[in-house]
Amino acid sequence: MTTRSAKIQIAFRYRTVDSPSGVTRKTAKRLAERLGVDETQAIHLALHELAAKVLPQYERDEGSLSAAQMRQIKKRVPQGTKRAVRSTLVKMESLRK
């Protein structure tokens with residue numbers, strides 16, 4: 001193993017019993033076999049699924065819209081038709097400024 005690849009490796013230890021915080025090697029082998037992959041790939045698949053579930057899947061934006069931006073949006077919305085807002089993603093305090 002080269003020194004470069006050794007630096008990006010981590011120690012991975014299986015648990016002695018299956019629990020919410022880890023699995024035994026037997027479970028990992030069964031999972032890998034069921035998925036048709038090796039144990040390493042099963043670990044990568046599990047981490048990928050967890051990352052998709054826990055981490056944001058979009059880039060961070062600049063935050064809430066300013067009052068000026070809200071006014072511009074309101075100007076462009078067609079007027080004169082009955083419309084009702086049942087919920088909003090925008091905090092109402094930002095509209096009052």
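Reader: What makes Glu 39 count as buried?

Author: In this predicted model, Glu 39 has a relative accessibility of 18%. The class of buried residues is defined as under 20%, so Glu 39 counts as buried.

Reader: Where is Glu 39 found, and which residues does Glu 39 touch beyond those up to four places away in sequence?

Author: Glu 39 is found in helix H3. Leaving out residues up to four places away in sequence, Glu 39 touches Tyr 14, Arg 25, Ala 28, Lys 29 and Ala 32.

Reader: Why is the pair of Arg 25 and Glu 39 called a salt bridge?

Author: The criterion asks for a side-chain nitrogen of Lys or Arg within 4 Å of a carboxyl oxygen of Asp or Glu. The side chains of Arg 25 and Glu 39 meet at 2.9 Å, N to O, so the criterion is satisfied. The pair links distant parts of the chain, with Arg 25 in helix H2 (residues 25-35) and Glu 39 in helix H3, 14 residues apart. In general, side chains of opposite charge can pair when their charged atoms come close. By this rule the count comes to one salt bridge.

Reader: Is Arg 25 buried or exposed, or in between?

Author: Arg 25 has a relative accessible area of 43%. Partly exposed residues lie between the limits of 20% and 50%, so Arg 25 is partly exposed, whereas Glu 39 is buried at 18%.

Reader: How do you know that the length of helix H3 agrees with its number of residues?

Author: Helix H3 covers residues 39-54, which are 16 residues. At 1.5 Å a residue, helix H3 should span 22 Å. The end C-alpha atoms are 22 Å apart, so the two values agree.

Reader: What caps the N-terminal end of H3?

Author: Asp 38 does so. One of its side-chain oxygens lies 3.3 Å from the backbone nitrogen of Thr 40, and the limit for a polar contact is 3.5 Å.

Reader: How many aromatic pairs does the structure hold, and why is the pair of Phe 12 and Tyr 14 called edge-to-face?

Author: The structure holds one aromatic pair. The ring centres of Phe 12 and Tyr 14 are 5.0 Å apart, and rings pair if their centres lie within 6.5 Å. The planes of the two rings stand at 90°. Angles over 60 degrees count as edge-to-face, so this is the name the pair receives.

Reader: What relative accessible areas do Phe 12 and Tyr 14 have?

Author: Phe 12 has 46% and Tyr 14 has 24%. Phe 12 is therefore partly exposed, and Tyr 14 is partly exposed as well.

Reader: Why is Thr 24 counted as buried, and where is Thr 24 found?

Author: Thr 24 is found in the loop between helix H1 (3-7) and H2. Its relative accessibility is 13%; the limit is under 20%, so Thr 24 counts as buried.

Reader: Which contacts does Thr 24 make?

Author: The side chain of Thr 24 makes a polar contact with the side chain of Thr 27 at 3.1 Å. Apart from neighbours within four places in sequence, Thr 24 is in contact with Tyr 14, Arg 15, Thr 16, Val 17 and Asp 18. The C-alpha atoms of Thr 24 and Arg 13 are separated by 8.9 Å, at 11 residues apart along the chain.

Reader: How many helices and strands are there in the protein chain, and what share of its residues is buried?

Author: The protein chain has five helices and zero strands, and buried residues make up 9% of its 97 residues.

Notes: Residues numbered from 1 in each chain as written. Predicted model: local features only at pLDDT ≥ 70, side-chain atom pairs only at ≥ 80, totals over all residues. Heavy atoms only, no water. Helix = DSSP H or I, 4+ residues; strand = E, 2+ residues; numbered from the N terminus. Expected span 1.5 Å × (residues − 1). Polar contact = N/O pair within 3.5 Å; in protein donor to acceptor, adjacent residues only side chain to side chain. Phe/Tyr/Trp six-rings, centres within 6.5 Å; stacked < 30°, edge-to-face > 60°. Buried < 20%, exposed > 50% of the residue type's maximum accessible area, 1.4 Å probe, protein only. Contact = heavy atoms within 4.5 Å.
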